[in-house]
Every structure is written in structure tokens, then in C-alpha cells.
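I am opening these notes to record what I looked up, step by step, in a structure that is new to me. Each entry takes up one topic.

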Amino acid sequence: MNIYGYARVSTKEQNLARQLKDFEEMGIDKRFIIVDEQSGKDFNRKGYNSLVGTEYNAPLLHEGDLMVIHSIDRMGRDYTEIQEQWKYITHTLKANIKVLDMPLLDTSVSKDNLDNRFIADLTLQILSYVAEKERQNIKARQAQGIAAMPVINGKKVSSKTGRASGRPSAEFPKEWNAYYSEWKQGKITAKKCMDDMQLKRTTFYKLVKIHEQKTK
């Protein structure tokens, strides 16, 4: 049996230390600790997918293995998907899950006891509901905060930082007009434009759209 620790934070700025310390105290080998620095709004995460598998890769988790997580919201924040993933891991892959801050959620000790399984399933439903509810509340608070921001030069501006909300506007490189003209004339490829101006594909075509709207 292999024991895997799964840790997740939403951004690189958040601290993984507490989750990793829990795994270390359990004696989990560092090679078997999987980390995602990504939102829990869905389960499309590289680390998580390596554990449960996709159509492109076999799962690391096998029958009898154990996946340890610090809390249920580290697994995810979508009420329905948490339950679906839980069932997939425990029933399809036949691996076990242990949630450290909720001892009732430990399928390795409850799988052979009907009462324990019932309590674990009920607890999972409550906690996964709470996790998604918190995600919805966070989004609602963010929306309320943005709505209350003053508008300066057509943009919502934070009263606290003085910065405009949303993503920064894409800026045109100094050599944009020359490259755009040659590209439209078929003299160079879009890829050369992107490479020479060091633009991502999405940024390049976004600037094309803005440029063409301005010159109509």
C-alpha cells in the first residue's frame, strides 16, 4: 500500500507549510506528496489528475492505496464534484481517503462497518456543501466589493490600493504597426510577429482585434 499526501493552495502566495507538516508527521515520503497551486473550483488540476488518472495517464492510486488530505476543501469546493470524486476514488479505484481535520472521514477504517460508512457519507455531504457555500460567499463578497468601487476614467478603482480592478489592458509594442502591416500583406507569418514582439498567441490576436476596431 502506498500513502499519498495531496496538498492544494489557490495561489503561489498562499502557504503550503501546514499541509506539508501534517504529511511529514504522518511519515509520508516526499516522493508521494502531490501539490497543486490552483483554485478548487473544479478538478482539472495536474497534480490531482496524476493521482486519479485521465484518458491520457493511468492513476497513481491503486486498490488499497491511501490518499491523505488536510481538509475537505483542499480536495475541492464544488459540492457535487467532491462527492463524485470521492465515490470514484473509493469505489472505482478502490483506494482510501483520509481527511486529517475530520477523523470521521477516513474510509480506511470505515469501509467494513456499515454505521461508520453511513456517518462518513453523511459528514462528507455536509462538509462538501459547506465548502461550496463558502466559495459562493467569497465570490459574492468580491462582486459586492467591486460594485462599491468608485469609477475613475471608466474603470472601477480600489479605494484601498488605488489600482484599477480586472486584468491590466494589453499594451501595443512600439514596433506593432510595422509588424501588423507586413503580416496583413502576407510578408511575414503571425508566428514571426509573436516571436519577434514576444507576445503570446492570445495577446497577439487580442491586439489585432483592438487595432482593427480602432482603425475601422
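Entry 1, the whole chain. Before counting, I note that helices (H or I, at least four residues) and strands (E, at least two) are DSSP runs, numbered from the N terminus. On that basis I find nine helices and six strands in the chain, and I keep in mind that this is a predicted model. The chain has 216 residues, and buried residues make up 35% of them. I also looked up how far apart in sequence the contacting residues lie: among contacts between residues at least 6 apart, 57% join residues at least 24 apart.

Entry 2, Gln19. I looked up this residue in helix α1, which covers residues 17–25. Is Gln19 buried or exposed? Its relative accessibility is 6%, and because buried means under 20%, Gln19 counts as buried. Leaving aside neighbours within four places in sequence, I find Gln19 in contact with Tyr6, Ala7, Arg8, Val9, His70 and Arg74. For one of these, Ala7, I noted the separation from Gln19, which is 12 residues in sequence and 6.2 Å in space, taken from C-alpha to C-alpha.

Entry 3, helix α4. This helix runs over residues 79–92, and its 14 residues reach 19 Å from the first C-alpha to the last, which is close to the 20 Å expected at 1.5 Å a residue. Which residues of α4 are buried? I list Ile82, Gln85, Trp86, Ile89 and Thr90. These buried residues cover an arc of only 115° around the axis, which puts them on the same side of α4. I set beside this a general point: an α-helix has 3.6 residues a turn, so residues three or four places apart point the same way. On the other side of α4, I find Glu84, Lys87, His91 and Thr92 exposed.

Entry 4, the loop after α4. Lys94 comes just after α4, in the loop between α4 and β4, the latter being residues 96–99. Lys94 has a positive phi of about 60° although it is not a glycine. I record Lys94 as partly exposed, because its relative accessibility is 47%.

Entry 5, helix α7. The buried residues here are Trp176, Tyr180 and Trp183. Seen down the axis of α7, its buried residues fall within an arc of 65°, so they line one face of the helix. When I asked what covers the buried residues of α7, I found that the cover includes α8 and α9. Just after α7, Gly186 takes a positive phi of about 80°.

Entry 6, α7 against α9. How do I describe such a pair? Two packed helices are described by the angle between their axes and the distance between the axes. For α7 (residues 176–184) and α9 (residues 201–214), the axes come within 12 Å and cross at roughly 90°. That makes α7 roughly perpendicular to α9. On the α7 side I list Trp176, Asn177, Tyr180, Trp183 and Lys184, which meet Phe204, Tyr205, Leu207, Val208, His211 and Glu212 in α9. By class, this contact of α7 with α9 has seven nonpolar, two polar and two charged residues.

Entry 7, helix α9 itself. Its 14 residues should span 20 Å at 1.5 Å a residue, and the end C-alpha atoms are 20 Å apart, which agrees. The buried residues of α9 are Phe204, Leu207, Val208 and His211. They cover an arc of only 105° around the axis, which puts them on the same side of α9, while on the other side Thr202 and Lys209 are exposed. What covers the buried residues of α9 includes α7 and α8, the latter being residues 190–197.

Entry 8, α8 against α9. These two helices pack at an angle of about 105°, with their axes 10 Å apart, and they are therefore roughly perpendicular to each other. In α8, I find Ala190, Cys193, Met194 and Met197 meeting Arg201, Phe204 and Tyr205 in α9. By class, the contact of α8 with α9 has six nonpolar residues, no polar ones and one charged residue.

Entry 9, Gln198. This residue has its place in the loop between α8 and α9. Gln198 has a positive phi of about 55° although it is not a glycine. With a relative accessible area of 73%, Gln198 is exposed.

Methods. Residues are numbered from 1 along each chain as its sequence is written. This is a predicted model: local features need pLDDT of at least 70, side-chain atom pairs count only at pLDDT 80 or more; totals for chains, interfaces and linings use all residues. Side-chain values use heavy atoms; hydrogens and water are left out. Axes are lines fitted to C-alpha atoms, for helices over the stretch in contact, and angles run from 0 to 180 degrees between N-to-C directions. Angles under 35 degrees count as roughly parallel, over 145 as roughly antiparallel, 65 to 115 as roughly perpendicular and the rest as oblique. Contact means heavy atoms within 4.5 Å. Ala, Val, Leu, Ile, Met, Phe, Trp, Tyr, Cys and Pro count as nonpolar, Asp, Glu, Lys and Arg as charged, and the others, Gly among them, as polar. The expected span of a helix is 1.5 Å times one less than its number of residues. Buried means under 20% relative accessible area, exposed over 50%, partly exposed in between (1.4 Å probe, protein chains only). The arc is that of the directions from the helix axis to the C-beta atoms.
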